[in-house]
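The following exercises concern strand pairing, nonpolar cores and aromatic pairs. Each task is followed by a solution in steps.

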Amino acid sequence: ADGDVIWYASVQVEGSHRLRLNLADVSLPPGAHLWVYGSKGDFNGPFGMELADSTGQIWTPSVSGPEIKLVVMVPEGDEPARFMLDRVLQLFELNSFGEPILQPQEDPPADTSCLLQTLCVNPNPFSPIENVEKSIGAMEFVVNGEGSVCTGGLVADTDPNSTRALFLTANHCFETQDVATTLQVFWDFKSETCNGEAPDKTSMPNSSGSTLLATGKPADFTLLELNSIPAGRYFLPYNKNESAAAPGVTLYRVSHPLGKEQHYSQSTVNSGTHACGETWTDTTHIWQSYVQGSTLGGSSGSPVLTAAGEIVGQLSGTCGEEGVTPDCKTEPTIDGRLSNYFNEVAQFLEPSSGGTDTGDLAVANVSVPEGSYSSGSTLQVNTQVNNVGNSASNAYTVTYYASTDSTITTCLL
């Protein structure tokens, strides 16, 4: 409009694939908007303070390199806008070791023959596959200034009037609101033919920013609410019964290994007793063996589904392994078990049944400093409460319940 102030700047990184900008000390007046434009004509925006973290910094959504242009529009008025263009993050395509591809390579450096694009399974024994593809997103986010990738999926709640974009992934992907604000999710990122080339990510519909609703380490889950989603999405149903992932049951998955296009895998739940470290047990996790396809780093957080397309968990990885496995996996794959942590997300998935919330307030995270505590000792418990509504909250009280195990139960009053 007349009187608005428009400012722009550009940053060029020669040979870069995709770029994000870090804006520090951001202060924008109401009505101010930002956009970023890439070298291939792609853009993201408008966006604003909804993408700012607790320190007042914004990681812009990504666009194609080698040049990123930032455009800022500030409405006419006396309230100034302020920020510092602090850093630029270069995003690479990854090889099968999870290493950046700095130049084109004719052959992958390791065996990824076990990976199956979704269209290469024909006929596909998983009948809900087309709907599942519409629910699975390729995640990119920033942790300590470095880009990371995972997979997540949209989850349906039981409120027929709900329009909430609930999104499930893994706790080891991230567990803080500051990282959640940096999240960018790419949709419909898949090949159109079996073993065909993947489309350019910058041409895919995407979402930016999210609110952390709940997260937990024992069963390795994080539940988010995305700021927005494009049209044409599908919300996955869930099955909270432990028997839905009983030994011998066949489970299915669509994920984005290494941040690449969608791939398919099929597994069978293992029998016997399992444990990994001090926290992963058959109570918290589901052990499976691959039947078709596989996963790699970047697949973490992808929902694992029954034959009916119901979520029963999300990918944690393999025992003792962090990061990328360069070769086809033969060891069991392990998923956090939804039936184990369902009570921690029930308030969001089954809002009519109550839970640990009051109105639009929700307990997102509860933590205790590491250490050994004897009976009767004093604990310092830190609780993160999110206002997920549209207005300021009234006064509230967080109540903690005594427990005989390592779980801290909370209730908002």
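**Exercise 1.** Identify the residue of β7 that is the bridge partner of Val36, and place the two strands in their sheet.

*Solution.* Step 1: the partner of Val36 in β7 is Leu70. Strands here are DSSP runs of E of at least two residues, and helices are runs of H or I of at least four residues, both numbered from the N terminus. Residues are numbered from 1 along each chain as its sequence is written. The model is predicted, so local features need pLDDT of at least 70 and side-chain atom pairs count only at pLDDT 80 or more, while totals for chains, interfaces and linings use all residues; side-chain values use heavy atoms, without hydrogens and water.

Step 2: β3 (residues 33-37) and β7 (residues 67-74) are paired antiparallel through 5 bridges; two strands pair if DSSP finds at least two bridges between them.

Step 3: the order β1-β7-β3-β4 describes an open sheet of 4 strands with antiparallel pairing. At its edges are β1 (5-12) and β4 (43-47), each of which pairs on one side only. From one strand to the next, the twist averages 15°, with axes fitted as lines to C-alpha atoms and angles running from 0 to 180 degrees between N-to-C directions.

**Exercise 2.** Determine how β23 is paired and whether its residues are buried or exposed.

*Solution.* Step 1: in β23 (residues 311-317), 7 of 7 residues are buried, where buried means under 20% relative accessible area with a 1.4 Å probe, protein chains only, exposed means over 50%, and partly exposed lies in between.

Step 2: β22 (residues 303-305) runs antiparallel to β23 and is joined to it by 3 bridges; Val304 is opposite Gly313. The two strands form a hairpin with 5 residues between them, and Gly309 in the turn has a positive phi of about 80°.

Step 3: β24 (residues 333-337) is likewise antiparallel to β23, through 4 bridges. Leu315 has Asp335 of β24 as its bridge partner.

**Exercise 3.** Describe the largest nonpolar core and the contacts of Ile311.

*Solution.* Step 1: the largest nonpolar core has 27 residues, and Ile311 and Val345 have the most contacts inside it. Such a core is a set of buried Ala, Val, Leu, Ile, Met, Phe, Trp, Tyr and Cys residues joined through side-chain atoms within 4.5 Å.

Step 2: among the elements giving two or more residues to this core are α1 (129-135), β12 (166-169) and α3 (338-349). The largest share, 7 residues, comes from α3.

Step 3: leaving aside neighbours within four places in sequence, Ile311 is in contact (heavy atoms within 4.5 Å) with residues including Leu154, Leu168, Val304 and Leu338.

**Exercise 4.** Classify the aromatic pairs Phe126–Tyr252 and Phe167–Trp187.

*Solution.* Step 1: the whole structure contains 7 aromatic pairs. Rings of Phe, Tyr and Trp (its six-membered ring) pair if their centres lie within 6.5 Å; planes under 30 degrees apart count as stacked, over 60 as edge-to-face and the rest as tilted.

Step 2: Phe126 and Tyr252 have ring centres 4.5 Å apart and planes at 5°, so this pair is stacked. Because Phe126 lies in the loop between β9 (116-117) and α1 and Tyr252 in β17, the pair ties together parts 126 residues apart in sequence. Phe126 counts as buried at 1% relative accessibility, and Tyr252 counts as buried at 8%.

Step 3: the ring centres of Phe167 and Trp187 are 6.0 Å apart with planes at 80°, so the pair is edge-to-face. Both residues, Phe167 and Trp187, are buried.
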